[in-house]
Amino acid sequence: MAKTPKADGEQEGGEAAGGSSKKKLFIIGGAAAAVVLVGGGAAFFLMGGTPATPAVSDVAAVEAASQPHAYYYDLPMMILNLSTADERPTFVKMEIALEVSDDKMLEVIKPNLPRVLDAFQTYMRELRASDLQGSAGLFRLKEELQRRVNIAVYPARVDDVLFKNVIVQ
């Protein structure tokens, strides 16, 4: 018996509807599998990686890492006159510590302290108060002072210049 066009259209529509429900089922199944995989991976990393009690070697490594490997040398407080365009005096008061990685370098810095202070003062007298404003100004000052102190104490090396106190008046 011959099929009518209406019945044929219904049959094609029925197959199309069945095909789209298979696609939806496939997408939902894929999304559920992805959620299970992500959740399982998160559980594996969060729960499976660390033992409840650390081993003795782990405790020793943490204690060794927590001990300071840096040594500090405090410079004397400096009050310096800054350069100004007008006749108004401008001063900066600074307290600085030098950070070194080895205590033997402290013995090289001590005899060269007059050179370090001279390098700091000759540089600072050329600065203006506007050069020291903001964090960028202090960062540039720190970098320049570190460069100058490393030249003054060569062959020793200063790892960082630390500001303990900076007051510009």
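Here is a short conversation about reading a predicted protein model.

Colleague: Where is confidence lowest in the protein chain, and where is it highest?

Modeller: Good place to start! Where pLDDT is low, the predicted coordinates should not be read in detail. In this model the chain averages a pLDDT of 80, and 74% of the residues score at least 70. Helix 2 (residues 56-66) has the lowest confidence, with a mean of 59, whereas strand 3 (residues 91-100) has the highest, at 94.

Colleague: Thanks! Which strand pairs with strand 3, and in what sense?

Modeller: Strand 2 does, in the antiparallel sense, over 4 bridges. For instance, Ile 79 has Lys 93 in strand 3 as its bridge partner.

Colleague: Which side chains of strand 2 are buried, and which are not?

Modeller: Follow residues 78-81 and you will see the side chains alternate. Met 78 and Leu 80 point to one face and are buried, while Ile 79 and Asn 81 point to the other and are not.

Colleague: Which residues make the nonpolar surface patch?

Modeller: Met 77, Ile 79 and Phe 91 make it, and the patch covers about 300 Å². Phe 91 belongs to strand 3. Phe 91 can count towards a patch because its relative accessible area is 37%, and patch residues need over 30%.

Colleague: And which residues touch the most other members of the largest nonpolar core?

Modeller: The general idea is that in soluble globular proteins, nonpolar side chains tend to be buried together. Here the largest core has 28 residues, and those touching the most other members include Leu 75, Ile 96 and Phe 120. Strand 2, strand 3, helix 3, helix 4 and helix 5 each supply at least two residues. Helix 4 gives the largest share, 6 residues.

Note on methods: Residues are numbered from 1 along each chain as its sequence is written. Side-chain values use heavy atoms; hydrogens and water are left out. pLDDT is the predictor's confidence in each residue, from 0 to 100. Patches are made of residues with over 30% relative accessible area and no salt bridge: like charges are joined within 9 Å, nonpolar side chains (Val, Leu, Ile, Met, Phe, Trp, Tyr) within 5 Å. Accessible areas come from the Shrake-Rupley method with a 1.4 Å probe; for residues, only the protein chains shown count as cover. A salt bridge is a side-chain nitrogen of Lys or Arg within 4 Å of a carboxyl oxygen of Asp or Glu. Buried means under 20% relative accessible area, exposed over 50%, partly exposed in between (1.4 Å probe, protein chains only). Two strands pair if DSSP finds at least two bridges between them. A nonpolar core is a set of buried Ala, Val, Leu, Ile, Met, Phe, Trp, Tyr and Cys residues joined through side-chain atoms within 4.5 Å.
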